[in-house]
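Student: Please take a close look at a single part of this model, the buried interior, and describe how the rest of the chain is arranged around that part. I would like one connected account rather than a list.

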Amino acid sequence: MSSKLATLFARLRAVLPQLPPMPRAWVELRCARRLDRLAGRLQRMHARIARMQDHLTAAGAPGGPASDADGALRRMLAGLRAELARMRCDLALWHVRECGGECGTRLAAALARVNRIAVDTHAAAQRLEAELEARAE
């Protein structure tokens, strides 16, 4: 790191503790907005999985296309399910650690929405994974 950057970071560290803490409502609003963006990304992921499921179901006629012969998609879906479970655990830990388990209505709604979408996406990925497994046999 250059000496100018090191000096700048040292000055910032010296100034930041002097700033007053942000109001809790503002911090919760920012967290809720971030959770809403995460929920949107998870919702789009769920929609992609549903389209893949529909495609497999529509192509389910005898002689339909082979799907996931090497198992790569099934491994990716299993990884996605593991990440979703880890994300939900991390959110729960964060909620207890940072908020003491209590928060405003906006943040609580955002947390509930993310959890609901994560559970739905997890279930959709599990269904698609089972469908691919059945077709691989």
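Tutor: A residue is called buried here when its relative accessible area is under 20%, exposed when that area is over 50%, and partly exposed in between. By this criterion, buried residues account for 26% of the 137 residues in the chain. The model is a predicted one, and what follows should be read accordingly.

The setting of the interior is helical. The chain has four helices and zero strands, which gives the pattern α-α-α-α when read along the sequence. Of the contacts in the chain with a separation of 6 or more, 85% are between residues 24 or more positions apart.

At the centre of your request is the largest nonpolar core. In soluble globular proteins, nonpolar side chains tend to be buried together. In this model the largest such core has 23 residues, and the members that touch the most other members are Leu35, Leu42, Ile49, Met87 and Val114. Two or more residues each come from helix H2 (24–58), helix H3 (72–99) and helix H4 (105–136). The greatest contribution is that of H4, with 10 residues.

H2 offers a useful route through this interior. The expected span of its 35 residues, at 1.5 Å a residue, is 51 Å, and the C-alpha atoms at its ends are 50 Å apart, so the two values agree. The buried residues of H2 are Glu28, Ala32, Leu35, Leu38, Ala39, Gly40, Leu42, His46, Ile49, Gln53 and Leu56. To interpret such a list, recall that an α-helix has 3.6 residues a turn, so residues three or four places apart point the same way. The cover over the buried residues of H2 includes H3 and H4. Ile49 illustrates this packing at the level of one residue: beyond its neighbours within four places in sequence, Ile49 contacts Leu77, Leu80, Thr121, Ala124, Ala125 and Leu128.

Charged side chains also join the helices that build the core. Side chains of opposite charge can pair when their charged atoms come close. The model has six salt bridges. One of them pairs Asp36 with Arg106, with 2.8 Å between the closest N and O atoms. Asp36 belongs to helix H2 and Arg106 to helix H4, so this bridge connects distant parts of the chain, 70 residues apart. Neither partner reaches the threshold for burial: Asp36 is partly exposed at 22% relative accessibility, and Arg106 is partly exposed at 37%.

A further bridge joins Arg74 to Glu133, at 3.0 Å from N to O. Because Arg74 lies in helix H3 and Glu133 in helix H4, this pair ties together parts 59 residues apart in sequence. Arg74 is buried, with a relative accessible area of 13%, whereas Glu133 is partly exposed at 37%.

Arg74 leads in turn to a buried residue outside the helices. Asp68 sits in the loop between H2 and H3 and counts as buried because its relative accessible area is 12%. Apart from residues up to four places away in sequence, Asp68 touches Leu73, Arg74 and Leu132. The C-alpha atom of Asp68 is also 7.2 Å from that of Ala136, although the two residues are 68 apart along the chain.

The outer side of the model provides the contrast. Arg97 and Glu98 form a salt bridge whose closest N and O atoms are 3.5 Å apart. Arg97 is exposed at 59% relative accessibility, and Glu98 is partly exposed at 48%. Elsewhere, salt bridges with shared partners join Asp36, Arg106 and Arg113 into one network.

Nonpolar residues are found on the surface as well. Leu5, Leu8, Phe9, Leu12 and Leu16 make up a nonpolar surface patch, with a combined accessible area of about 450 Å². Among them, Leu8 lies in helix H1 (residues 3–15) and is partly exposed, with a relative accessible area of 44%. For the chain as a whole, the accessible surface is about 9,500 Å², and carbon and sulfur atoms supply 60% of that area.

How values were computed:
Residues are numbered from 1 along each chain as its sequence is written. This is a predicted model: local features need pLDDT of at least 70, side-chain atom pairs count only at pLDDT 80 or more; totals for chains, interfaces and linings use all residues. Side-chain values use heavy atoms; hydrogens and water are left out. A nonpolar core is a set of buried Ala, Val, Leu, Ile, Met, Phe, Trp, Tyr and Cys residues joined through side-chain atoms within 4.5 Å. Buried means under 20% relative accessible area, exposed over 50%, partly exposed in between (1.4 Å probe, protein chains only). Contact means heavy atoms within 4.5 Å. Accessible areas come from the Shrake-Rupley method with a 1.4 Å probe; for residues, only the protein chains shown count as cover. Patches are made of residues with over 30% relative accessible area and no salt bridge: like charges are joined within 9 Å, nonpolar side chains (Val, Leu, Ile, Met, Phe, Trp, Tyr) within 5 Å. A salt bridge is a side-chain nitrogen of Lys or Arg within 4 Å of a carboxyl oxygen of Asp or Glu. The expected span of a helix is 1.5 Å times one less than its number of residues.
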